[in-house]
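Here is a short review note to read beside the model. The points run from single contacts to the chain as a whole and then back to local details.

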Amino acid sequence: MAIALSILGILCLLAACHPFLTYPWSLIALQALRPAKRSRPDSIPVAGLTCAICVCAYNEERGIARKVENLLALRAREAGLEILVYVDGASDRTAEILREYESQIDLHIATERRGKTYGMNLLASRPGRRY
């Protein structure tokens with residue numbers, strides 16, 4: 001009985017050491033066997049590829065203009081980027097500030113608060129527009 005417990009203890013110790021000892025060696029071996037990756041550019045232009053950034057805002061008047069400016073600068077660098085903004089019934093000047101950018105972003109302003117989940121689902125279901 002003592003021998004069986006000793007063997008079981010050794011096996012458990014070896015299993016506990018596997019992530020630290022044998023697993024790193026297996027990764028090194030696999031890397032040596034795998035063919036070298038070809039280098040590729042940072043961004044791969046694909047015709048017609050678009051992506052959207054969805055933003056839900058509630059009482060964000062202090063930082064919303066800076067956020068939109070950053071997103072517009074990002075879109076200037078990356079073609080095919082859409083900016084979708086949902087204002088969740090804000091009680092401050094968030095909607096008023098965003099109206100200044102309405103020609104550059106897809107803006108939806110709710111009159112009552114419905115929550116972030118509702119806003120994200122609404123933005124995700126809207127058909128995309130290209131600017």
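**Notes on the predicted model**

1. Ala57 belongs to strand S1. The model is a predicted one, and in it Ala57 is buried, with a relative accessible area of 1%. Lys116 is 59 residues away from Ala57 along the chain, yet the two C-alpha atoms are separated by 8.2 Å.

2. For orientation, the protein chain contains 5 helices and 3 strands. Their order along the sequence is α-α-β-α-β-α-β-α. Of the 131 residues in the protein chain, 22% are buried.

3. Helix H1 deserves a separate look. The helix covers residues 2-17 and has 16 residues. From first C-alpha to last, H1 reaches 23 Å, close to the 22 Å expected at 1.5 Å a residue. Coverage is another matter: H1 is hardly covered, and the count of buried residues in H1 is 0.

4. What kind of surface patch do Ile3, Ile7, Ile10, Leu11 and Leu14 form? The patch is nonpolar, and its residues together have about 530 Å² of accessible area. Ile3, one of these residues, is placed in H1. At a relative accessible area of 64%, Ile3 is classed as exposed, because the class begins over 50%.

5. The structure has 4 salt bridges. One of them joins Glu61 and Arg93, whose closest N and O atoms are 3.7 Å apart. Glu61 sits in the loop between strand S1 (51-57) and helix H3 (64-77), while Arg93 sits in the loop between strand S2 (81-88) and helix H4 (94-99), so this bridge ties together parts that are 32 residues apart in sequence. Both ends have some exposure: Glu61 is partly exposed at 32% relative accessibility, and Arg93 is partly exposed at 42%.

6. Arg93 has a further partner. Its salt bridge with Glu96 has closest N and O atoms 3.6 Å apart, and Glu96 is partly exposed, with a relative accessible area of 47%. Through shared partners, the salt bridges join Glu61, Arg93 and Glu96 into one network.

7. Another salt bridge is formed by the side chains of Arg113 and Asp88, at 3.4 Å from N to O. Distant parts of the chain are linked by this pair: Arg113 is in the loop between strand S3 (106-110) and helix H5 (116-125), Asp88 is in strand S2, and the two are 25 residues apart. Are the two ends buried or exposed? Arg113 is exposed, with a relative accessible area of 52%, whereas Asp88 is buried, with a relative accessible area of 4%. The value for Arg113 can be set against the cut-off for exposed residues, which is over 50%.

8. Arg113 also takes part in a contact with a ring. Its charged end sits over the ring of Tyr58, 3.6 Å from the ring centre. Arg113 therefore appears in two contacts described here, the salt bridge with Asp88 and the placement over Tyr58, while being classed as exposed because its relative accessible area of 52% is over 50%. Arg114 lies over the face of Tyr118, at 4.9 Å from the ring centre. As for contacts between rings, the count is 1 aromatic pair.

9. Backbone geometry: which sign does phi take at Asn59? The value is positive, near 50°, in a residue other than glycine. Most residues other than glycine have a negative phi. Asn59 lies in the loop between S1 and H3, the loop that also holds Glu61. Asn59 is partly exposed, with a relative accessible area of 29%.

10. One more pair is separated along the sequence. Glu100 and Ala65 are 35 residues apart in sequence, and their C-alpha atoms are 9.3 Å apart in space. Glu100 is placed in the loop between H4 and S3 and is exposed, with a relative accessible area of 59%.

Conventions:
Residues numbered from 1 in each chain as written. Predicted model: local features only at pLDDT ≥ 70, side-chain atom pairs only at ≥ 80, totals over all residues. Heavy atoms only, no water. Patch = residues over 30% accessible without salt bridge, like charges linked within 9 Å, V, L, I, M, F, W, Y side chains within 5 Å. Areas by Shrake-Rupley, 256 points an atom, 1.4 Å probe, with all protein chains shown as cover. Helix = DSSP H or I, 4+ residues; strand = E, 2+ residues; numbered from the N terminus. Buried < 20%, exposed > 50% of the residue type's maximum accessible area, 1.4 Å probe, protein only. Phe/Tyr/Trp six-rings, centres within 6.5 Å; stacked < 30°, edge-to-face > 60°. Lys NZ or Arg CZ within 6 Å of the ring centre and 35° of its normal. Expected span 1.5 Å × (residues − 1).
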